[in-house]
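Reader: Please take me through one part of this model closely, with the cut-offs behind each term. Then place that part in the chain as a whole.

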Amino acid sequence: MRDLTNKVAWITGAGSGIGAGTALAYARAGMRLVLSGRRPAELQAVADQVAAIGRETGNGASARVAPLDVADKDAVLAVAASIQAQEGRIDVLVNSAGLNVRERNWKHLSTAGWDQVLRIDLDGTFYCCHAVLPMMRAQKDGLIVNVSSWAGRFVGTMTGPAYSAAKFGVNAMTESLNMEECIHGIRATAVCPGEVATPILDKRPIPVSAEDKAKMVQADDCGELMLFLARMPAHVCLNEITISPTHNRMFVAAANAIPG
């Protein structure tokens, strides 16, 4: 497994959920982090936790905040340029920024809602990948982790057409990176979580109970998975990983319906 001490990671959607869980896991491995998202206060809170881990462990972990709307391609390029100027390299990109709208099904979904989901979840992921490729090609090394979804592998009504279309696109885009960029030492993984107890659940049309959230995959669990991916040797590509709760609500109803 690779030593990640002093390696550089850029994490989008780092203010909460899977992005924040990833930042804390990477901090425990001694990485230097650039944290992006749309809410500076939340990003700073995560950066403070990273700094505390660095002080407690003495492993050199650090974080700086780079507020960003990933749907703004010029802003994405500006953050990537700042990473090249200040950190000098980028070893890992984690695209965790994502959202869904409450009114998400065909009979409720507006064109504005469609645009919002696609701009963040698909376009934003593309912009960040596109922005780091020149640095990674020059290094002949780099890992890109795109947070997709169970909905990127299995179409269902729970997440709606916009989210499913965006995440299927993320999976296809991730594999195209592996097909074209493997010759430059770049590898990409699409992580496809089932239900994870993160703030995105609060946008669901049907509220999720605290009891159900407790049975789901947690943000820290995803962080540990992201750390495993980053620690894999550079000659290994894990193209796609699906992670879901043992108590998978999408399976429970079917299991309960089995006779006998």
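Author: Helices and strands here are DSSP runs, numbered from the N terminus: H or I over at least four residues for a helix, E over at least two for a strand. By that count the chain has eight helices and seven strands. The radius of gyration is 18 Å, close to the 18 Å from the globule rule for 260 residues, so the chain is as compact as a globular protein of that length. That radius is taken over C-alpha atoms, and the rule is 2.2 Å times the number of residues to the power 0.38.

Some ground rules come next. This is a predicted model, in which local features need pLDDT of at least 70 and side-chain atom pairs count only at pLDDT 80 or more, while totals for chains, interfaces and linings use all residues. Residues are numbered from 1 along each chain as its sequence is written, and side-chain values use heavy atoms, with hydrogens and water left out.

Now the close look, at helix α7. The helix covers residues 219-231, and leucine 229 lies in it. Glycine 223 also sits in helix α7. Burial needs its cut-offs: buried is under 20% relative accessible area, exposed is over 50%, and partly exposed is in between, with a 1.4 Å probe and protein chains only. Glycine 223 has 0% relative accessibility and counts as buried. Leucine 229, at 5%, is buried too.

What does glycine 223 touch, leaving out residues up to four places away in sequence? Its partners are Gly21, Thr22 and Ala25. Contact means heavy atoms within 4.5 Å. Threonine 22 is 201 residues from glycine 223 along the chain, yet their C-alpha atoms are separated by 3.9 Å.

Leucine 229 has its own set of partners. With residues up to four places away not counted, it touches Leu143, Val145, Thr189, Val191, Leu238 and Ile241. Cysteine 182 gives another distance: it lies 47 residues from leucine 229 in sequence and 16 Å away in space, C-alpha to C-alpha.

Follow one of those contacts outward. Threonine 189 belongs to strand β6, residues 186-193. It is buried at 2% relative accessibility. The contact list of threonine 189, under that sequence filter of four places, includes Leu143, Val145, Leu229, Leu238 and Ile241. Ile144, Asn146, Thr174, Asn239 and Glu240 are also among its partners. Leu143, Val145, Leu238 and Ile241 thus appear in the list of leucine 229 and in that of threonine 189.

Back to the whole chain. Of its 260 residues, 52% are buried. Take the contacts between residues at least 6 apart in sequence: 73% of them join residues at least 24 apart. The C-alpha trace spans about 55 × 40 × 35 Å along its principal axes. One pair shows a wide separation: the C-alpha atoms of alanine 253 and alanine 51 are 44 Å apart, with their positions 202 residues apart along the chain. Alanine 253 lies in helix α8, residues 249-256. It is exposed, with a relative accessible area of 57%.

The rings come next. There are three aromatic pairs in the structure. Tryptophan 150 and phenylalanine 154 form a tilted one, at 4.9 Å centre to centre and 45° between the planes. Rings of Phe, Tyr and Trp (its six-membered ring) pair if their centres lie within 6.5 Å; planes under 30 degrees apart are stacked, over 60 edge-to-face, and the rest tilted. Ring pairs join Trp150, Phe154 and Phe251 into a cluster. Tryptophan 150 is buried at 14%, while phenylalanine 154 is partly exposed at 38%.

Two backbone angles deserve a check. Most residues other than glycine have a negative phi. Asparagine 6 has a phi near 70°. It lies in the segment before β1 (8-12) and is partly exposed at 44%. Lysine 140 has a positive phi of about 60°. Its place is the loop between α4 (111-139) and β5 (142-147), and at 52% it counts as exposed.

Last, the surface and charges. The accessible surface is about 11,900 Å², with 56% from carbon and sulfur atoms. Areas come from the Shrake-Rupley method with a 1.4 Å probe; for residues, only the protein chains shown count as cover. The chain carries 25 positive and 25 negative side chains, and the centres of the two sets lie 1 Å apart. Lys and Arg count as positive, Asp and Glu as negative; His and the chain ends are not counted. Each charge is placed at NZ of Lys, CZ of Arg, CG of Asp or CD of Glu.
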